[in-house]
Amino acid sequence: MSIQILPESTYQIPDGDVVRIRQAHEDDLPGMEWDGEYAHFRRLYKQHFQNSRSGNTLIWVAENEEGEIVGQVFLSLLSNQSELADGIHRAYLFSFRLKPAYRNHGLGGHILEFMESYLLKRGFDTLRINVARDNLLARRMYERHGYRVVGPEEGRWHYQDQYGHWQAVHEPAWRMLKKLK
Ligand SMILES: CC(C)(COP(=O)(O)OP(=O)(O)OC[C@H]1O[C@@H](n2cnc3c(N)ncnc32)[C@H](O)[C@@H]1OP(=O)(O)O)[C@@H](O)C(=O)NCCC(=O)NCCS
């Protein structure tokens, strides 16, 4: 797959900002650390950003009217784990988060629908998401959007933090899936 110019969307927070959902650029990477809260993912984000140049992983950010990064979503179209993303039918959405002040205003649902319509246009028919088992709010939102739990996910993975130290994650999750058509 080759480099993509990604479509954009906007969302009006009721009684609040207009949020722009747009392709991430390299100079957005510091803003995606949220004042240090996600600094431990610096290398991971950089790797995903480099992958995004191939078009196999796509990254959108949500930006408020002041130019602050208030959210992000990553979409894998082709992964070496083909049960997640096979490049043709199935895609995998991950690292989806909004800053707390931007939650529960419909923005997450809007972004999800935007991702789904983008995938449909690209010919994909299935979207996979892993949701942590203790994340009941996110699970409920996905269910309201038509996602169903299809099985357990052990949720063990590793990453190198900003100092180069390997960190192990164990976050048991549910595999959720939606047939887009
Ligand atoms: C999960 C997350 C991305 C969802 O985004 P969000 O903007 O809070 O989602 P929404 O506002 O669309 O939906 C949440 C609730 O707000 C309600 N809501 C409030 N105002 C709304 C409005 N104007 N329009 C639509 N829904 C509204 C919805 O009813 C919805 O309820 P539901 O969960 O019963 O469906 C966000 O909460 C988040 O970043 N959470 C922390 C990180 C995380 O858990 N990420 C997911 C990992 S899998």
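Helices (H or I, at least four residues) and strands (E, at least two) are DSSP runs, numbered from the N terminus. The model is predicted: local features need pLDDT of at least 70 and side-chain atom pairs count only at pLDDT 80 or more, while totals for chains, interfaces and linings use all residues. Residue numbers start from 1 along each chain as its sequence is written.

**Exercise 1. Describe the shell around the ligand.**

Step 1. A residue is near a molecule or strand if its C-beta atom, placed from the backbone, lies within 6 Å of it. There are 19 residues around the ligand, and those that come nearest are Arg103, Gly106, Gly108, Gly109 and Met141.

Step 2. Two or more residues of the shell come from each of β5 (90-98), α2 (107-121), β6 (126-132) and α3 (136-144). The most come from α3, which gives five residues.

Step 3. Sort the shell by residue type, where Ala, Val, Leu, Ile, Met, Phe, Trp, Tyr, Cys and Pro count as nonpolar, Asp, Glu, Lys and Arg as charged, and the others, Gly among them, as polar. The result is nine nonpolar, six polar and four charged residues.

**Exercise 2. Lay out the open sheet and the helices on it.**

Step 1. Strands pair if DSSP finds at least two bridges between them. Eight strands form an open sheet with mixed pairing, in the order β1-β2-β3-β4-β5-β6-β10-β7.

Step 2. The edges are β1 (9-12) and β7 (148-153); each has a single partner strand, so one side of each has no neighbour in the sheet.

Step 3. Axes are lines fitted to C-alpha atoms, for helices over the stretch in contact, and angles run from 0 to 180 degrees between N-to-C directions. Neighbouring strands of the sheet are turned by 25 degrees against each other on average, direction ignored.

Step 4. Contact between two residues requires C-beta atoms, placed from the backbone, within 7 Å. Helix α2 packs on the sheet and touches β1, β2, β3, β4, β5 and β6, with its direction at about 155 degrees to that of β5. Helix α3 also packs on the sheet. It touches β6 and β10, and its direction makes about 160 degrees with that of β6.

**Exercise 3. Follow β3 and its partners.**

Step 1. A residue is buried if 20 or more other C-beta atoms lie within 10 Å of its own, exposed if 12 or fewer, and partly exposed in between, with C-beta atoms placed from the backbone. Seven of the seven residues of β3 are buried, so the strand is largely enclosed by the rest of the structure.

Step 2. Thr57, Ile59, Val61 and Glu63 point one way from β3, and Leu58, Trp60 and Ala62 point the other way.

Step 3. On one pairing, β2 and β3 run antiparallel and are joined by four bridges. Trp60 in β3 is the bridge partner of Gln23, and Glu63 in β3 stands opposite Arg20.

Step 4. With β4, β3 pairs in the antiparallel sense over seven bridges. Leu58 stands opposite Leu75 in β4. These two strands form a hairpin with five residues between them, and Gly67 in the turn has a positive phi of about 85 degrees.

**Exercise 4. Is Glu171 buried, exposed or partly exposed?**

Step 1. Glu171 lies in the loop between β9 (166-170) and β10.

Step 2. Glu171 has 15 other C-beta atoms within 10 Å, so it is partly exposed.

Step 3. Leaving out residues up to four places away in sequence, Glu171 touches Ala132 and Gly155.
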